[in-house]
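Trainee: I'm new to this one and would like a close look at a single part: the strands and how they pair up. Could you set the scene first, then take me through that part slowly?

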Amino acid sequence: MSEFWLISAPGDQENLQALERMNTVTSKSNLSYNTKFSIPDFKVGTLDSLVGLSDELGKLDTFAESLIKKMAQSVVEVMEDAKGKVPENLLANGVDLTSFVTHFEWDMAKYPAKQPLVSVVDTLAKQLAQIETDLKSRTAAYNTLKTNLENLEKKSMGNLFTRTLSDIVSKEDFVLDSEYLITLLVIVPKPSYTQWQKTYESLSDMVVPRSTKLIAEDNEGGLFTVTLFRKVIEDFKTKAKENKFTVREFYYDEKEIKREREEMSRLLSDKKQQYGPLLRWLKVNFSEAFIAWIHLKALRVFVESVLRYGLPVNFQAVLLQPHKKSSTKRLREVLNSVFRHLDQVAAASILDASVEIPGLQLNNQDYFPYVYFHIDLSLLD
């Protein structure tokens with residue numbers, strides 16, 4: 001499973017024995033894979049400051065998770081037809097996300113533990129905010145380009161009644177710069193090809209004989225040219241409609257057609273040029289954002305452990321990876337049983353949902369006698 005539970009318990013002898021019991025039970029019952037989760041000793045400061053940091057870290061945790069989801073989705077959207085290769089582009093420090101989490105080590109160079117906690121949190125907050133700002137600007141530019149290209153491509157799709165004709169017709173298909181003659185484009189249903197060939201010259205006076213040519217087809221019909229005198233255009237259109245032939249309104253403008261083709265080429269070229277740099281930026285900064293997120297989880301465990309278990313700082317953090325979704329309920333029961341001594345009243349209510357605790361406003365399913373945080377990587381699949 002791509003799901004982790006990050007918990008902590010006091011580091012005294014009684015609770016270290018409780019952790020050992022937890023490891024024994026979860027291992028024998030094949031409930032989870034457990035590893036120690038190392039967190040450095042930070043400068044604690046005052047308990048008041050920790051309470052404030054606890055709230056701030058909760059908001060920052062939510063923001064970071066939302067950001068990495070957006071970045072993962074951006075990678076999916078940018079890679080389009082190569083979505084099968086998305087996982088190999090969503091890495092943290094060059095390794096898959098599960099490996100990074102299970103082998104987590106605090107980055108002392110990037111986030112010095114000797115600094116005050118508030119400074120470490122501020123560094124993480126600024127880093128994530130900058131990544132989000134850059135993500136918005138980079139993806140907005142790419143998506144605008146992509147949308148413009150898709151709109152042009154859509155013009156080349158559809159049937160002969162709606163699609164652009166600039167990539168179908170050529171200058172040689174038309175009589176141009178004539179004061180008297182004009183070439184029209186007519187859509188003829190496939191079953192009516194023979195009728196068209198037999199009747200088009202007689203649909204109106206002044207139709208140039210043998211002037212029709214099939215220049216394009218789709219599943220429903222064909223696009224034919226026909227040349228006639230300008231003064232009979234309306235009469236020809238009326239007669240054509242009566243015979244279920246449709247005159248497609250089209251004016252051959254060589255400059256406009258050239259501009260449209262050049263625009264398509266430019267957009268394709270720009271998209272190709274932007275693709276590589278954008279994907280590289282997403283890979284690098286997804287890694288940075290994910291690493292920052294797991295550091296935030298470590299900070300939350302530290303702060304909540306100090307607030308819960310008190311000073312001096314003495315706790316052990318453990319990372320649990322449930323083996324399967326169906327075993328999570330049993331795993332929770334084991335943890336609540338092993339650590340119920342940490343908070344007898346609350347633990348009793350968890351094990352017996354019918355017990356109400358006067359003054360406790362937390363939902364029983366949201367409160368545990370140990371520090372607990374959840375990491376769900378399946379949200380990035």
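Mentor: What follows is a quick view of the whole, then the strands, then a few loop residues. Keep in mind that this is a predicted model: local features need pLDDT of at least 70 and side-chain atom pairs count only at pLDDT 80 or more, while totals for chains, interfaces and linings use all residues. Residues are numbered from 1 along each chain as its sequence is written, and side-chain values use heavy atoms, leaving out hydrogens and water.

The protein has nine helices and eight strands; these are DSSP runs numbered from the N terminus, with helices being H or I of at least four residues and strands being E of at least two. Its C-alpha trace spans about 105 × 45 × 40 Å along the principal axes. The radius of gyration is 35 Å, whereas a compact globule of 381 residues would come out near 21 Å. That value is taken over C-alpha atoms, and the globule rule is 2.2 Å times the number of residues to the power 0.38. Of the 381 residues, 46% count as buried, meaning under 20% relative accessible area, with exposed being over 50% and partly exposed in between (1.4 Å probe, protein chains only). Take contacts (heavy atoms within 4.5 Å) between residues at least 6 apart in sequence: 80% of them join residues at least 24 apart.

Now for your strands. Start with β1, residues 3-10, where eight of its eight residues are buried. β1 has an antiparallel partner in β8 (residues 371-376), with six bridges between the two. Strands count as paired if DSSP finds at least two bridges between them. If you want a spot to look at, find Ile-7, which stands opposite Tyr-372 in β8. β1 also pairs with β7 (residues 315-322), again antiparallel and over six bridges. There, Ser-8 faces Ala-317 of β7. As a rule, side chains in a regular strand alternate between the two faces of the sheet.

Next, go to β5, residues 221-229. Eight of its nine residues are buried, so β5 is largely enclosed by the rest of the structure. Nine bridges link β5 to β3 (residues 181-189), and the pairing is antiparallel; Thr-183 has Thr-227 of β5 as its bridge partner. β4 (residues 213-217) runs antiparallel to β5 too, joined by four bridges. Ala-216 stands opposite Leu-223 there, and β4 and β5 make a hairpin with three residues between them.

Finally, some stops in the loops. Just ahead of one strand you already know, Pro-312 sits in the loop between α7 (254-309) and β7. The peptide bond from Leu-311 into Pro-312 is cis, with omega near -5°. Lys-244, in the loop between α6 (233-242) and β6 (246-248), isn't a glycine, yet it has a positive phi of about 65°. Lys-244 counts as exposed because its relative accessibility is 65%. Asn-93, in the loop between α2 (47-79) and α3, also has a positive phi, near 55°, without being glycine. With 57% relative accessibility, Asn-93 counts as exposed.
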